[in-house]
Amino acid sequence: MIFEFERDFAGSLRCIPMIARQKLDIVGIKMTLRQWSRLSHEERGRLADMPCETKDEQDAYRMFVLDRIMARTDEPVRYLATRDFGDWQQPGRMPDSVRLQAEAEGVVPPTAEEWAALAPLQRFALVKLTRSQHENENFVPALKEFGIL
C-alpha cells in the first residue's frame, strides 16, 4: 500500500514507502536510502509486500532485509537504538508530536476519536511525518488523505 501523499516519490519504489518503513521499524533495522537504492525493484517490492505481523513473519522479514543489505551493499547493517512503538501503536493516545506538528502547520490536530479510528499504518505515517525534517511537507496532505482535514 502506497499512500497518495507519497506516490510521487515512493510510488516507483525509488524511495522507501511508509509500509516498508513501518516493517523495518518493527524488526528494528534502519535502512538507508542508499541501501534501499541498491536493491532490485523486485526486492523493494517484496519489502513493501511481505507480511510482518507475527513473530515468524517478523523473523523472516528481518532475515530477508539482513541478507539483502549484506548481498547488495558495502555498508554495515544499522539497528534502531530503540524499538518503542508505543507512539503509533496505541490508538487510545495520540503522541504530542502529532499535535505539535498540526499546530505548527496551523491545522486542527486529530481528535482522540479520529486518532483511534486510524489504521496502524496511518498512525505510523503521521508520527513519522512529525519526525522527518524533509517530509514534514507531507503531514497536511496525509491528514487530508486520512479524512482528518
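How many nonpolar, polar and charged residues does the lining of the second largest pocket have? In this predicted model, that lining has nine nonpolar, three polar and four charged residues. The points below start from this pocket, turn to Q22, which is among the residues closest to the pocket's centre, and then follow helix α9 into the largest nonpolar core, to which α9 gives two or more residues.

**The second largest pocket**
- The volume of the second largest pocket is about 270 Å³, and of the 16 residues that line this pocket, Q22, K23, I26, C52 and E53 are the closest to its centre.
- Two or more lining residues come from each of the elements α2, α5, α6 (86–89) and α9, and among the contributors α2 gives the most, with four residues.

**Q22 in helix α2**
- Q22 belongs to helix α2, which covers residues 18–27, and with a relative accessible area of 8% Q22 counts as buried, because buried means under 20%.
- Once neighbours within four places in sequence are left aside, the contacts of Q22 are W88, P120, L121 and F124; of these, L121 and F124 are themselves buried residues of α9.
- Q22 and E42 lie 20 residues apart in sequence, and their C-alpha atoms are 19 Å apart in space.

**Helix α9**
- Helix α9 spans residues 120–131 and has 12 residues, and the distance from its first C-alpha to its last is 17 Å, which is close to the 16 Å expected at 1.5 Å a residue.
- Because 10 of the 12 residues of α9 are buried, this helix is largely enclosed by the rest of the structure.
- The buried residues of α9 include nonpolar ones such as L121, F124, A125, L126, V127 and L129, and they also include Q122, R123, K128 and T130.

**The largest nonpolar core**
- The largest nonpolar core has 42 residues, and the residues with the most contacts inside this core are M31, Y61, L126 and F146.
- The elements that give two or more residues to this core are α2, α4 (41–49), α5 (55–72), α7 (96–105), α9 and α10 (139–145).
- F146, leaving aside neighbours within four places in sequence, is in contact with F3, F5, L118, Q122, A125 and L126, and of these Q122, A125 and L126 are buried residues of α9.

Technical notes:
Residues numbered from 1 in each chain as written. Predicted model: local features only at pLDDT ≥ 70, side-chain atom pairs only at ≥ 80, totals over all residues. Heavy atoms only, no water. Buried < 20%, exposed > 50% of the residue type's maximum accessible area, 1.4 Å probe, protein only. Contact = heavy atoms within 4.5 Å. Expected span 1.5 Å × (residues − 1). Core = buried A, V, L, I, M, F, W, Y, C linked by side-chain atoms within 4.5 Å. 1 Å grid on protein atoms, 1.4 Å probe; cavity = no way out; pocket = protein on both sides within 12 Å on 5 of 7 lines; lining within 4 Å. Points joined across faces, edges and corners; volume = space filled by probe spheres on them.
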